[in-house]
Amino acid sequence: MDGSDGTAENDPLHAELRRYEGTPAATGGIGKDPVNAPMIRHWCEALGHPVPPDGTAPATMLQVWTMGGLSGHEGRTPGYDDLLGRLDEAGYAAVVATDCEQEYVAPLRPGQRVTFDAVVESVSPRKSTKLGAGYFVTTRTEVRADGVLAGTHRFRILKYAPARAASARDPAPAPARTKSATRPRPVVNRDNAAYWQAIREDRRLLIQRCTACGTLRLPWLPGCNACGSPDWDTVPASGTGTVFSYVVMHHPPFPAFDPPYAVALVELAEGVRLLGNVIGVPYDKVRIGAPVLLDFLDADDDLTVPAFRAVDTEPADTGPADTEPSSTVTTPEAEAPA
C-alpha cells in the first residue's frame, strides 16, 4: 500500500461510502449445520492439523460454521451488496481479499448451533496500491454458539481500479468488468499478465519454462516449484493434448454459461495440464484420453480464454448420459476401460 490519496474534502465518494459504515450485512444468520465431528475431522485432515483430543473445533475453524455455500444465507441484507455495487459504478470493479482477523472467546463443541450477525465496519479513504487505487472495505461478523459469543471475524477486501503496468514484462491487467461482460474475470496480476496478454492479443498459449532447471509450469508462478529459481522464459504450446479428467456442469445456472457443458483438465503434449471448456462435441460424448486441439473462446469483447476442440466429434457411445446429478465428475481411475 502506497498511502492515502486524499481526505473527505477532495474525495466525495469516500464521504458517500462512509454512510454504509454500521450497515448490517447479515442479520440473524444461522449456520447451515450444527458444529459436528465429521466436519472437524475433514478440516483437520485437509489442513494437516491434529484433531483436538477433547472433540472441540480448532479455533481457526470459526468461519467454517458461518459459510452459506452456493445458496447463501437467509439472513443476508442488501447493505453490503449495495456498497460494492456503488464501487462498481464508480469504476472500482476489481476485488481482492487482503486479510482477516479473528478473536476467539469460547471453544465450539459438537452439537452447538451457530448464529451470527455481520456489519460493514469501515471503508478506508482511497488508497494507492500496486494493483491500483481503491478502497478497503472491512466487515465484522460476531459468531455465537447457542446464543453465547464464541468469536469475532473481521474480513477485509480491496475494491480497486486496476493500474496499468509500465513494461512489456508487466503489461496492463485485463479491463475491469463492464455491465455487458457477464463472465467472471480471471485474476490478472504482474505474475501472469503476459500469459493473458498473449492469449488476448496473439491467440497464443505460453508455457513458463524455468531457465535454471528447464522445468515447464502451467499455470504461471513467480518461481519454479522444482528448484525455486525466479528466472524464466516461455515456450509456445504446440496445441495438442488429451483429456485427463473432466466434469459435466449442470448447476448452478449463470448468465454467461449455458449448462450442461463439459470442462476438462487437458494434458498438453508438453506434459503440463490446463483447464478449459470442451467444444466441438456434445458434452456427454467427452471421454478420458480423447484427443483435443487448443482453441480460443471469445467470451466477450474484453475476455478471451483457452478452450479445447475435440478432434473426433463422434466417439463411441458407452452408454446414456447421466443428467440427474448437479454435476458429473470423471477421473482416470473412475473411467471404465474400453
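Visitor: Which residues does L205 touch, not counting residues up to four places away in sequence?
Guide: This is a predicted model, numbered from 1 along each chain as its sequence is written; local features need pLDDT (the predictor's confidence in each residue, from 0 to 100) of at least 70, side-chain atom pairs count only at pLDDT 80 or more, and totals for chains, interfaces and linings use all residues. Side-chain values use heavy atoms, without hydrogens and water. Contact means heavy atoms within 4.5 Å. With residues up to four places away in sequence set aside, L205 touches Y195, I199, L218, V235, P236, A237, L268, L274, L294, F296 and P306.

Visitor: Which element gives the most to the largest nonpolar core?
Guide: A nonpolar core is a set of buried Ala, Val, Leu, Ile, Met, Phe, Trp, Tyr and Cys residues joined through side-chain atoms within 4.5 Å; buried means under 20% relative accessible area, exposed over 50%, partly exposed in between (1.4 Å probe, protein chains only). The largest has 34 residues, and L205, W220 and F308 are among those with the most contacts inside it. Elements giving it two or more residues include β8 (206-210), β12 (261-268) and α4 (193-202); these are DSSP runs numbered from the N terminus, helices being H or I of at least four residues and strands E of at least two. With 6 residues, the top contributor is α4.

Visitor: How many residues are in the other core, the one with L13 and F116?
Guide: That core lies apart from the largest one. L83 and L84 also belong to it. Its count is 16 residues.

Visitor: Is T141 buried or exposed?
Guide: T141 sits in strand β6 (residues 132-145). Beyond neighbours within four places in sequence, its contacts include F116, D117 and H153. Its relative accessibility is 12%, so T141 counts as buried.

Visitor: Why do C210 and C227 form no bond?
Guide: A disulfide is a pair of cysteine sulfur atoms within 2.5 Å, and the structure holds 0 of them. C210 is buried, at 1% relative accessible area. The closest cysteine sulfur to that of C210 is in C227, and there is no bond because the gap is too far, at 3.6 Å.

Visitor: Which residue of β9 stands opposite Q208?
Guide: Two strands pair if DSSP finds at least two bridges between them. An open antiparallel sheet of 3 strands runs β9-β8-β10. β8 and β9 pair over 2 bridges. Opposite Q208 stands R217.

Visitor: Which loop holds P219?
Guide: The peptide bond from L218 to P219 is cis, with omega near 5°. Another cis bond joins P259 to P260, with omega near 0°. P219 lies in the loop between β9 and β10.

Visitor: What is the relative accessible area of R203?
Guide: R203 is in the loop between α4 and β8. Its phi is positive, near 50°, in a residue other than glycine. R203 is partly exposed because its relative accessible area is 37%.

Visitor: How many contacts does the stretch 313-338 have in the model, beyond near neighbours in sequence?
Guide: The chain's mean pLDDT is 84, and 83% of its residues reach 70 or more. Over residues 313-338 the pLDDT is below 50. Where pLDDT is low, predicted coordinates should not be read in detail. Beyond near neighbours in sequence, the model's contact count for this stretch is 41.
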